[in-house]
Amino acid sequence: MGTTVGSERVKRGMAQMQKNGVIMDVINAEQAKIAEAAGAVAVMALERVPSDIRAAGGVARMADPSIIEQVMKAVSIPVMAKCRIGHVVEARILESLGVDYIDESEVLTPADDKFHVNKRDFTVPFVCGARDLGEALRRIAEGASMIRTKGEPGTGNIVEAVKHIRMVQGQIRKVVSMSEDELVAEAKNIGAPFELLLEVHNTGKLPVVNFAAGGVATPADAALMMELGSDGVFVGSGIFKSENPEKFGRAVVEATMNYKDYDLLAKLSKDLGTPMKGIELSTLQANERMADRGW
Amino acid sequence: MSVTVKIGVLNVQGAVSEHAIHVSKVGAEPVLVKHADDLTGLHGLILPGGESTTIGKLIRKYGLFEPIIEASQQGLPIFGTCAGMILLAKRIEGSEEPHLALMDVLVNRNSFGRQRDSFEADIFVEGMNQDPFPAVFIRAPHVVKAGQGVQILATLDDRIVAVRENHLLATAFHPELTDDLRMHQYFKQMAESYQAK
């Protein structure tokens with residue numbers, strides 16, 4: 001009887017197990033334990049959170065493996081880590097460390113300006129960012145098992161993430177109503193593989209789980225992204241840049257799972273202390289926009 | 001006249017919609033369970049896969065913990081997959097505190113390795129026909145020890161991966177991620193016999 005390691009179903013299934021959950025950025029074992037106690041379904045092990053990457057400038061790379069290993073030892077929930085776009089070797093290193101998911105992420109400085117990693121070659125699953133349906137389907141064609149909005153990482157400003165999820169959902173609705181000949185033209189227009197576009201047309205949804213990321217700073221932001229059709233939420237800088245990370249993390253977890261319970265959301269939003277300060281998008285220079293990395 | 005069989009799916013986190021779709025496909029009515037009230041009138045309850053640590057915390061917080069235990073004491077059939085198996089287990093290896101502690105099994109979490117080692121395998125499940133079942137194992141647990149009253153339904157390389165104890169059913173794998181409906185049909189039959197009581 002056959003056994004297949006790292007099949008498409010196994011890799012996509014891992015993301016399905018994370019649905020309705022919150023994945024939190026952490027930079028050490030102590031933060032990872034706080035995230036786990038707050039109810040995170042996974043943690044993203046990083047050297048710096050996106051807002052600090054932004055502040056530091058320079059080239060941002062894969063985290064030091066010792067940080068990732070510390071985090072993996074500290075918690076029993078899955079651990080994710082980021083590699084640079086197109087950096088096949090960073091991805092292989094992360095796979096050899098045994099991380100449960102790799103984020104091929106625009107938060108780090110891209111290593112390849114033309115190609116993303118061929119993710120089908122790996123038994124570890126990948127998540128990738130997308131601003132629209134075409135980009136999402138291109139990443140899925142390369143083997144991504146999970147998609148997230150790009151948003152604008154490290155800004156604490158939800159506007160870009162909202163733009164991206166609305167774009168994807170709107171395009172899906174449009175594709176569902178198209179005839180097959182229109183689908184061929186649409187595949188060309190949005191740069192999506194026809195077979196995947198046909199699948200979206202037939203099922204009315206992406207073939208993989210789609211999370212929100214890039215600017216979630218409050219429980220209400222998390223609930224907003226769920227309301228708009230996200231399957232779950234990544235919170236980067238928001239939690240550990242807030243005054244009381246544990247309370248804040250718990251509130252985001254509960255808000256994500258109960259995004260339609262407005263009495264509860266009101267309660268969760270009370271007395272959380274100061275959230276991260278945030279950046280108004282118009283003050284960012286074009287070269288400071290991480291969402292424009294990748295294609 | 002037959003009454004519709006209502007099967008609840010614990011709706012906290014994880015593969016909830018996948019189970020609900022399978023429940024519909026086997027001709028039962030899926031009910032999403034988020035509050036204790038949602039348990040009323042059910043003939044069965046599914047605890048889906050997800051993160052057991054997260055789900056375990058939240059069922060305590062939302063007041064579902066005691067009501068699920070009480071429902072089980074009344075004989076309500078409960079089916080746990082993967083994380084759901086961990087929630088049902090009386091003992092978890094590594095002395096971690098158990099969750100619902102209903103089923104007389106000792107489980108080991110993530111016993112097949114990390115995500116990169118997750119796999120699919122064809123296995124034989126007791127009580128199904130001879131066709132192998134496509135079992136999907138994702139950071140899956142397994143049963144290390146099963147008590148006297150526990151029936152072993154499937155093993156893989158000497159590890160126990162499916163068990164039944166009276167009204168409780170648990171698999172280490174994810175039948176909701178395949179097109180094979182036999183595990184859900186099996187559970188529907190358990191729910192029907194509860195309804196008939």
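These exercises, with worked solutions, walk through parts of a predicted model.

**Exercise 1. A sheet from two chains**

Find the order of the strands in the open sheet that holds E1(A), and name the strands at its edges.

Solution.
- Step 1. Read off the order. The three strands run E1(A)-E7(B)-E8(B), and the pairing is antiparallel.
- Step 2. Look for the edges. Strand E1 (3-5) of chain A and strand E8 (133-137) of chain B each have a single partner strand, so each has one side without a neighbour in the sheet.
- Step 3. Check the twist. On average, neighbouring strands in this sheet are turned by 20° against each other, direction ignored.
- Step 4. Zoom in on the contact between the chains. E1(A) pairs with strand E7 (residues 119-123) of chain B over three bridges, in the antiparallel sense. Take Thr4(A): its bridge partner in E7(B) is Glu120(B).
- Step 5. Add the helix. Helix H1 (residues 8-16) of chain A lies across E7 and E8 of chain B. Its direction makes about 50° with E8(B).

**Exercise 2. Classify two aromatic pairs**

Decide whether the rings of Phe79(B) and Phe187(B) are stacked, tilted or edge-to-face. Then do the same for Phe112(B) and Phe119(B).

Solution.
- Step 1. Know what to read. Two values describe a pair of aromatic rings: the distance of the centres and the angle of the planes.
- Step 2. Set the scene. The whole structure has eight aromatic pairs over all chains.
- Step 3. Take Phe79(B) and Phe187(B). Their ring centres are 5.4 Å apart and their planes stand at 45°, so this pair is tilted.
- Step 4. Place the two residues. Phe79(B) is in strand E4 (residues 78-81) of chain B, and Phe187(B) is in helix H5 (residues 182-196) of chain B. The pair links distant parts of the chain, 108 residues apart. Both Phe79(B) and Phe187(B) are buried.
- Step 5. Take Phe112(B) and Phe119(B). The centres are 5.4 Å apart and the planes make 65°. The cut-off for edge-to-face is over 60 degrees. This pair is edge-to-face.
- Step 6. Widen the view. Phe112(B) and Phe119(B) belong to one aromatic cluster with Phe133(B), Phe137(B) and Phe173(B).

**Exercise 3. Buried or exposed?**

Sort Phe112(B), Phe119(B), Arg166(A) and Gly127(B) into buried or exposed.

Solution.
- Step 1. Fix the limits. Buried means under 20% relative accessible area, and exposed means over 50%.
- Step 2. Phe112(B) has 15% relative accessibility, so Phe112(B) is buried.
- Step 3. Phe119(B) has 7%, so Phe119(B) is buried too.
- Step 4. Arg166(A) has 52%, so Arg166(A) is exposed. Arg166(A) sits in helix H7 (residues 159-176) of chain A. An unreviewed UniProt entry lists Arg166(A) under "binding site".
- Step 5. Gly127(B) has 63%, so Gly127(B) is exposed. Gly127(B) lies in the loop between E7 and E8 of chain B. From its C-alpha atom to that of Tyr62(B) is 36 Å, and the two residues are 65 apart along the chain.

**Exercise 4. Charges over rings**

Which rings lie under the charged ends of Arg92(A) and Arg139(A)?

Solution.
- Step 1. The charged end of Arg92(A) sits over the ring of Phe122(A), 3.7 Å from its centre.
- Step 2. The charged end of Arg139(A) sits over the ring of Trp295(A), 4.7 Å from its centre.

**Exercise 5. Describe an annotated span**

State which residues of chain A the annotation "domain: PdxS/SNZ N-terminal" covers, and give the helix and strand content.

Solution.
- Step 1. The unreviewed UniProt entry gives residues 8-213 of chain A.
- Step 2. This span is 46% helix and 16% strand.
- Step 3. Its end C-alpha atoms lie 23 Å apart.

Notes:
Residues are numbered from 1 along each chain as its sequence is written. Chains are lettered from A and ligands numbered from 1 in the order in which they are written. This is a predicted model: local features need pLDDT of at least 70, side-chain atom pairs count only at pLDDT 80 or more; totals for chains, interfaces and linings use all residues. Side-chain values use heavy atoms; hydrogens and water are left out. Two strands pair if DSSP finds at least two bridges between them. Helices (H or I, at least four residues) and strands (E, at least two) are DSSP runs, numbered from the N terminus. Axes are lines fitted to C-alpha atoms, for helices over the stretch in contact, and angles run from 0 to 180 degrees between N-to-C directions. Contact means heavy atoms within 4.5 Å. Rings of Phe, Tyr and Trp (its six-membered ring) pair if their centres lie within 6.5 Å; planes under 30 degrees apart count as stacked, over 60 as edge-to-face and the rest as tilted. Buried means under 20% relative accessible area, exposed over 50%, partly exposed in between (1.4 Å probe, protein chains only). A charge sits over a ring if NZ of Lys or CZ of Arg is within 6 Å of the ring centre and within 35 degrees of the ring normal. UniProt positions are given in the numbering used here, feature names are shortened, and annotations may be inferred rather than shown by experiment.
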